[in-house]
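Please look at the sequence and the model below before reading on. The paragraphs that follow start from one residue and work outwards to the whole chain.

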Amino acid sequence: MNCPTCNQPMDTSLDDSIVRNHKTGQEYDKQWYVCKSDDIWVTVESPRNKAEEKEALLQA
Ligand SMILES: [Zn+2]
């Protein structure tokens, strides 16, 4: 993703935090895009794979 202001590629980092939509129960991984020179932050929340999560719970 490029910065909307300077049009340079933005730094990315994957946040540890998980966001849950309380209406649907769907969980989302949070991805950050950062342009430090413009101090612009963009977050993208993408759905976690529910099947994988169930498997992880069964193995715990
Ligand atoms: Zn920028």
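**From one residue to the whole chain**

D11 has 12 C-beta neighbours inside 10 Å and therefore counts as exposed, where a residue is called buried if 20 or more other C-beta atoms lie within 10 Å of its own, exposed if 12 or fewer, and partly exposed in between, with the C-beta atoms placed from the backbone. Residues are numbered from 1 along each chain as its sequence is written. What you see is a predicted model, in which local features need a pLDDT of at least 70 and side-chain atom pairs count only at pLDDT 80 or more, while totals for chains, interfaces and linings use all residues.

D11 belongs to strand β1. Here helices (H or I, at least four residues) and strands (E, at least two) are DSSP runs, numbered from the N terminus. Leaving aside its neighbours within four places in sequence, D11 is in contact with V34 and K36; two residues are in contact if their C-beta atoms, placed from the backbone, lie within 7 Å. D11 can also be placed relative to M1, for the two are 10 residues apart in sequence and 8.6 Å apart in space, taken from C-alpha to C-alpha.

Stepping back from D11, what pattern does the chain follow when it is read along the sequence? The pattern is β-β-β-α, and the secondary structure comes to 1 helix and 3 strands. The strands form an open sheet in the order β1-β2-β3, with antiparallel pairing, where two strands pair if DSSP finds at least two bridges between them. Because β1 and β3 stand at the edges, each with a single partner strand, one side of each is left without a neighbour in the sheet. Neighbouring strands of this sheet are turned by 25° against each other on average, direction ignored; for such angles, axes are lines fitted to C-alpha atoms, for helices over the stretch in contact, and angles run from 0 to 180 degrees between N-to-C directions.

Consider the pairing of β1 with β2, two antiparallel strands that are joined by 7 bridges. Within this pairing, S13 stands opposite W32 in β2, and R20 stands opposite E27 in β2. The two strands form a hairpin with 6 residues between them, and in its turn G25 has a positive phi of about 80°.

On the other side of the pairing scheme, β2 and β3 also run antiparallel and are joined by 8 bridges. V34, already met as a contact of D11, stands opposite W41 in β3, while W32 has T43 as its bridge partner in β3. Of the 8 residues of β3, the number buried is 0, so this strand lies largely in the open.

The hairpin made by β2 and β3 has 4 residues between the strands. One residue of this loop is D39, whose phi is near 55°, a positive value in a residue other than glycine. Most residues other than glycine have a negative phi, and most peptide bonds are trans. D39 is exposed, because 8 other C-beta atoms lie within 10 Å of its own. S37 is placed in the loop between β2 and β3 as well, and with 10 C-beta neighbours inside 10 Å it counts as exposed. The C-alpha atoms of S37 and C6 are separated by 8.9 Å, although the two residues are 31 apart along the chain.

A positive phi is also found in N7, where the value is near 65° and the residue is again other than glycine. N7 is located in the segment before β1 (11-20), and with 8 C-beta neighbours inside 10 Å it counts as exposed.

Finally, consider the chain as a whole, in which buried residues make up 2% of the 60 residues. Among contacts between residues at least 6 apart in sequence, 31% join residues at least 24 apart. The average pLDDT of the chain is 86, and 85% of the residues score at least 70, where pLDDT is the predictor's confidence in each residue, from 0 to 100. Which elements have the lowest and the highest mean pLDDT? Helix α1 (residues 50-59) has the lowest, at 66, and β2 the highest, at 91. Where pLDDT is low, the predicted coordinates should not be read in detail.
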